[in-house]
Amino acid sequence: MVETVTDSEQTTEKAVPGSPLAQRPHQSGPFVGSEVGRLRQVIVHRPGVELLRLTPETKHDLLFDDLLWVRRAQEEHDQFCHVLREAGADVLYLDTLLTETLSVPQARQFVLDHTFDERLFGPAAAPLLRELADSMPHADLAELVISGLTKRELLELTAEPRSVVIHALAMDDLVVAPLPNHLFTRDASCWVYDGVAVNSMQKPARIREAITYEAIYRWHPRFASTSWQRWSDGLTDGQATVEGGDVLVLGDGAVLVGMSERTTPQGVERLAKRLFAEGSADRVVALSMPKSREFMHLDTVMTMVDERSFIEYAGLGTLPSYTITPRENGVDPELKIQDHPPERMHAAIADALGLDHLRILTPEQDLHSAAREQWDDGCNALALEPGVVITYDRTPTSNAFLRDSGIEVHEVPGAELGRGRGGPRCMSCPTQRDPV
Ligand SMILES: NC(=[NH2+])NCCC[C@H](N)C(=O)O
């Protein structure tokens, strides 16, 4: 095994003029000051009925590579949450947050309006389904939104609506689609310093996930009673997509974004512009990634494990990159864009971090083993604090290499969870994390 260190061996830190907000200490409201600072509060989603909706025919469109044994996946997820709690993090469950949010009348109306869209259900069924959903207790409505509903289940609740759309469905077809990728709470929203991006999702199976987060952040008292910035317009952003798996909060006013299968350059520019306008960040480094499923998000190929170290997939190579900074021009900052050739990728990230070089941790393996471990989320580490991470147990070479490099690794079982192509970082949406 070798440790690859880019540029030189020295570790002298450069002083970087970070924004005042990037330094803001942890307080009770949401604030994510870095990628590796102490994790204080995190949103997760325990896999549920929505995963029972996967079949060999639907799994592909629902973005899973295999069916999960749901009970075992729940046990694995419980162990993941246990490690988070042991590390002192406050673990918030997405379905509980949504249930509590739905008790606020405006939130309920918002979720119903956006879920029962005429364009999806047709003008005949949409109002009837909306009415049925509105008559449900909060927890049942949350369950319907996340787990979906088949025609058979619908007919157990009500008489068949007079609708061509519903009539044309077979009994076990889904009337309301499930949201199985809510498991990966990282993606549909992401907190960056003192604000949040509720993301317009690239894949049709994930678009409705943004409704859940939009409602929670706007109306759940935990979030609605504090002030924070908006880095996106969520559902209405169209092609300007950003997904949280592509966004690494480097710390001290710097952000690293992967332009992947999911995140577009338009999305990156908008994120940068809004961060700069509020003075919450002043450097965004964007990497131009291959657009492919195995590299769907940046955090599937590289994650940060301490203030200067990243675990990185051997097959990633180096990528063209851009450094975006604000060019002050009156009130509205313009974007100053500097492009870098592939060989400068690590140097561009190091510069944004104010470091002479990064420590790139890439275990030495044959190419096939490296590809297998990347596919199994070996590079998807979730930091609990600098130098302490959670990974799946199914990637032993990456885990051993991290340990040999001085990183404390907490392994959690990933035999079932890993079938959704997301690891510990993907399954977490930090809402409070210390700066470093
Ligand atoms: N941050 C991540 N890498 N998330 C992984 C998401 C996996 C999910 N099945 C999808 O395809 O969207």
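In this predicted model, strand E7 pairs with strand E8 (residues 195–198) in the antiparallel sense, and four bridges connect the two. Within this pairing, Ser-189 is placed opposite Val-198 of E8. Helix H10, which spans residues 209–219, packs on the sheet and touches both E7 and E8, its direction making about 150° with that of E8. The sheet to which these strands belong is open and consists of three strands in the order E7-E8-E9, with mixed pairing. Because strand E7 (189–192) and strand E9 (229–230) stand at the edges and each has a single partner strand, one side of each remains without a neighbour in the sheet.

A further open sheet is formed by five strands in the order E10-E11-E12-E15-E16, and here too the pairing is mixed. Its edges are occupied by strand E10 (247–251) and strand E16 (334–340), each of which pairs on one side only, and the twist from one strand to the next averages 25°. Inside this order, strand E12 (residues 283–288) and strand E15 (residues 321–327) are joined in the antiparallel sense over four bridges, with Thr-323 in E15 serving as the bridge partner of Val-285. Helix H13, comprising residues 345–353, lies across E10, strand E11 (254–259), E12, E15 and E16, and runs at about 165° to E12.

The surroundings of the ligand were examined next. The ligand is surrounded by 16 residues, of which Leu-63, Gly-245, His-297, Gly-422 and Cys-426 come nearest. By residue class, the shell around the ligand divides into five nonpolar, six polar and five charged residues.

The environment of Val-175 was considered separately. This residue is located in strand E6, which covers residues 174–176. Val-175 is classed as buried because 21 other C-beta atoms lie within 10 Å, the criterion for burial being 20 or more. When residues up to four places away in sequence are left out of account, Val-175 touches Leu-149, Thr-150, Lys-151, Leu-154, Ile-166 and Leu-169. As for Ala-125, which is 50 residues from Val-175 along the chain, the C-alpha atoms of the two residues are separated by 10.0 Å.

Terms used. Residues are numbered from 1 along each chain as its sequence is written. This is a predicted model: local features need pLDDT of at least 70, side-chain atom pairs count only at pLDDT 80 or more; totals for chains, interfaces and linings use all residues. Two strands pair if DSSP finds at least two bridges between them. Two residues are in contact if their C-beta atoms, placed from the backbone, lie within 7 Å. Axes are lines fitted to C-alpha atoms, for helices over the stretch in contact, and angles run from 0 to 180 degrees between N-to-C directions. A residue is near a molecule or strand if its C-beta atom, placed from the backbone, lies within 6 Å of it. Ala, Val, Leu, Ile, Met, Phe, Trp, Tyr, Cys and Pro count as nonpolar, Asp, Glu, Lys and Arg as charged, and the others, Gly among them, as polar. A residue is buried if 20 or more other C-beta atoms lie within 10 Å of its own, exposed if 12 or fewer, and partly exposed in between; C-beta atoms are placed from the backbone.
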